[in-house]
Amino acid sequence: VGAALPVDVLTYEEKTLSAILRVISSGLVKLWSALTLLGSYQNRRCAFRVLQASPFLLALSGNSRELVL
């Protein structure tokens with residue numbers, strides 16, 4: 001309350017409960033902190049796992065370690 005941070009949900013996959021979020025670079029630490037501190041939502045326990053973070057949206061589209069030439 002008292003602070004707002006614009007966050008865009010670019011994709012959400014209900015099957016895997018995963019999402020791609022977009023936030024301006026100056027808000028990354030605030031978003032990460034908020035996700036870390038959130039332990040429940042509507043009386044249900046929850047946890048978040050950050051799989052990747054990148055300043056470039058294109059970098060999130062694939063995994064270079066799985067690249068086959």
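About 6900 Å² of the protein chain is exposed in this predicted model, and carbon and sulfur atoms supply 57% of that area. Of the 69 residues in the chain, 3% are buried, with buried taken as under 20% relative accessible area.

The secondary structure is quickly told: the protein chain holds one helix and four strands. Read from the N terminus, these elements follow the order β-β-α-β-β. As for contacts along the chain, those with a separation of 6 or more can be sorted by how far apart the partners lie, and residues 24 or more positions apart account for 13% of them.

Attention now turns to the pockets. Rolling a probe the size of a water molecule over the atoms shows where empty space is left. The largest pocket holds about 1600 Å³ of space, and 41 residues line it. Ala19, Ile20, Leu21, Leu35 and Arg49 are the lining residues that lie nearest the centre of this pocket.

Several elements of secondary structure share in the lining. At least two residues each come from strand E1 (8–13), strand E2 (18–22), helix H1 (28–37) and strand E4 (44–45). Among the contributors, H1 gives the most, supplying six residues to the lining of the largest pocket.

The chemical character of that lining is also worth setting out for anyone looking at the pocket. Its residues comprise 28 nonpolar, seven polar and six charged ones.

Terms used. Residues numbered from 1 in each chain as written. Predicted model: local features only at pLDDT ≥ 70, side-chain atom pairs only at ≥ 80, totals over all residues. Heavy atoms only, no water. 1 Å grid on protein atoms, 1.4 Å probe; cavity = no way out; pocket = protein on both sides within 12 Å on 5 of 7 lines; lining within 4 Å. Points joined across faces, edges and corners; volume = space filled by probe spheres on them. Nonpolar A, V, L, I, M, F, W, Y, C, P; charged D, E, K, R; others polar. Buried < 20%, exposed > 50% of the residue type's maximum accessible area, 1.4 Å probe, protein only. Contact = heavy atoms within 4.5 Å. Areas by Shrake-Rupley, 256 points an atom, 1.4 Å probe, with all protein chains shown as cover.
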